Amino acid sequence: QVQVVESGGGLVQPGDSLRLSCAASGRFAHTYAMGWFRQPPGPERQFVACISWSGTTNYADSVKGRFTISRDNANNTMYLQMNNLKSDDTAVYYCAIGPWPLTSLLAKAWGQGTQVSVSS
């Protein structure tokens, strides 16, 4: 059974940067894709980005060119570098792990979520 735990998040101003981390544990965790989803106020959880075990990446159009996902397979850790943050990026960010391509339906485990707030 795999598990993931996020860290990072916080309150920043528009244009600032922030980095989220996600540590995975469990058998075969290093073979799975990992990714980020976010949930603004409301019921819908949105895809943000994901990365395969080999480094293939996929991004939502809304974050392309601003966010960069990466992973350190030796330490089973994934990162999301968020630059030029906008108020629309305000949401609870969730780390997920599962088969590639990672979707919310196929995720095997979720983190507890971390709040990112962008406000002047």
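Here is a quick tour of this predicted model, from overall build down to single residues. The protein chain is a strands-and-loops affair, with zero helices and 11 strands. One disulfide turns up in a search of the whole structure, and cysteine 22 and cysteine 95 are the two residues that make it. After that come a buried aspartate, some backbone oddities and two residues in or around strand 10.

**Overall build**

- Going along the sequence, the pattern of the protein chain reads β-β-β-β-β-β-β-β-β-β-β.
- The radius of gyration of the protein chain is 13 Å, which agrees with the value near 14 Å that a compact globule of 120 residues would have.
- Laid along its principal axes, the C-alpha trace spans about 45 × 25 × 25 Å.
- Of the 120 residues in the protein chain, 44% are buried.
- Take the contacts with a separation of 6 or more: 56% of them are between residues 24 or more positions apart.

**Surface and charge**

- The protein chain shows an accessible surface of about 6,200 Å², and carbon and sulfur atoms own 48% of that.
- On the charge side, there are 9 positive and 7 negative side chains, and the centres of these two sets sit 8 Å apart.

**Cysteines**

- The sulfur atoms of cysteine 22 and cysteine 95 are 1.9 Å apart in their disulfide.
- The link between cysteine 22 and cysteine 95 is left-handed, with -70° about the S-S bond.
- Cysteine 22 belongs to strand 3 (residues 18–25) and cysteine 95 to strand 9 (residues 91–98), so the disulfide ties together parts that are 73 residues apart in sequence.
- Both partners, cysteine 22 and cysteine 95, are buried.
- Cysteine 50 is in no disulfide, and the nearest cysteine sulfur, belonging to cysteine 95, is 12 Å away.
- Cysteine 50 is buried too, because its relative accessibility is 1% and the cut-off for buried is under 20%.

**A buried aspartate in a loop**

- Look for aspartate 89 in the loop between strand 8 (77–82) and strand 9.
- Aspartate 89 counts as buried because its relative accessible area is 2%.
- Setting aside neighbours within four places in sequence, aspartate 89 has two arginines among its contacts, Arg38 and Arg66.
- The other residues in contact with aspartate 89, with that same exclusion, are Phe67, Asn84, Val116 and Val118.

**Backbone oddities**

- Most residues other than glycine have a negative phi, and most peptide bonds are trans.
- Tryptophan 100 and proline 101 are joined by a cis peptide bond, with omega about -5°.
- Proline 101 of that pair sits in the loop between strand 9 and strand 10 (109–110).
- Phenylalanine 28 has a positive phi, near 65°, and lies in the loop between strand 3 and strand 4 (33–39).
- With a relative accessible area of 45%, phenylalanine 28 is partly exposed.
- Asparagine 84 also has a positive phi, near 50°, and its loop is the one between strand 8 and strand 9.
- Asparagine 84 comes out as partly exposed, at 41% relative accessibility, and is one of the contacts of aspartate 89.

**Leucine 106 and alanine 109**

- Leucine 106 is in the loop between strand 9 and strand 10, and at 47% relative accessibility it counts as partly exposed.
- Leaving out residues up to four places away in sequence, leucine 106 touches Gly98, Pro99 and Pro101; Pro101 is the proline of the cis peptide bond.
- From leucine 106 to isoleucine 69 is 37 residues in sequence and 19 Å in space, C-alpha to C-alpha.
- Alanine 109 has its place in strand 10 and is buried, with a relative accessible area of 10%.
- Not counting residues up to four places away in sequence, alanine 109 touches Val2, Gln3 and Val4, as well as Cys95, Ala96 and Ile97.
- Cys95, one of those contacts of alanine 109, is a partner in the disulfide with cysteine 22.
- Alanine 109 and histidine 30 are 79 residues apart in sequence, with their C-alpha atoms 13 Å apart in space.

Key:
Residues are numbered from 1 along each chain as its sequence is written. This is a predicted model: local features need pLDDT of at least 70, side-chain atom pairs count only at pLDDT 80 or more; totals for chains, interfaces and linings use all residues. Side-chain values use heavy atoms; hydrogens and water are left out. A disulfide is a pair of cysteine sulfur atoms within 2.5 Å. Helices (H or I, at least four residues) and strands (E, at least two) are DSSP runs, numbered from the N terminus. Buried means under 20% relative accessible area, exposed over 50%, partly exposed in between (1.4 Å probe, protein chains only). The radius of gyration is taken over C-alpha atoms; the globule rule is 2.2 Å times the number of residues to the power 0.38. Contact means heavy atoms within 4.5 Å. Accessible areas come from the Shrake-Rupley method with a 1.4 Å probe; for residues, only the protein chains shown count as cover. Lys and Arg count as positive and Asp and Glu as negative; His and the chain ends are not counted. The place of a charge is taken as NZ of Lys, CZ of Arg, CG of Asp or CD of Glu.
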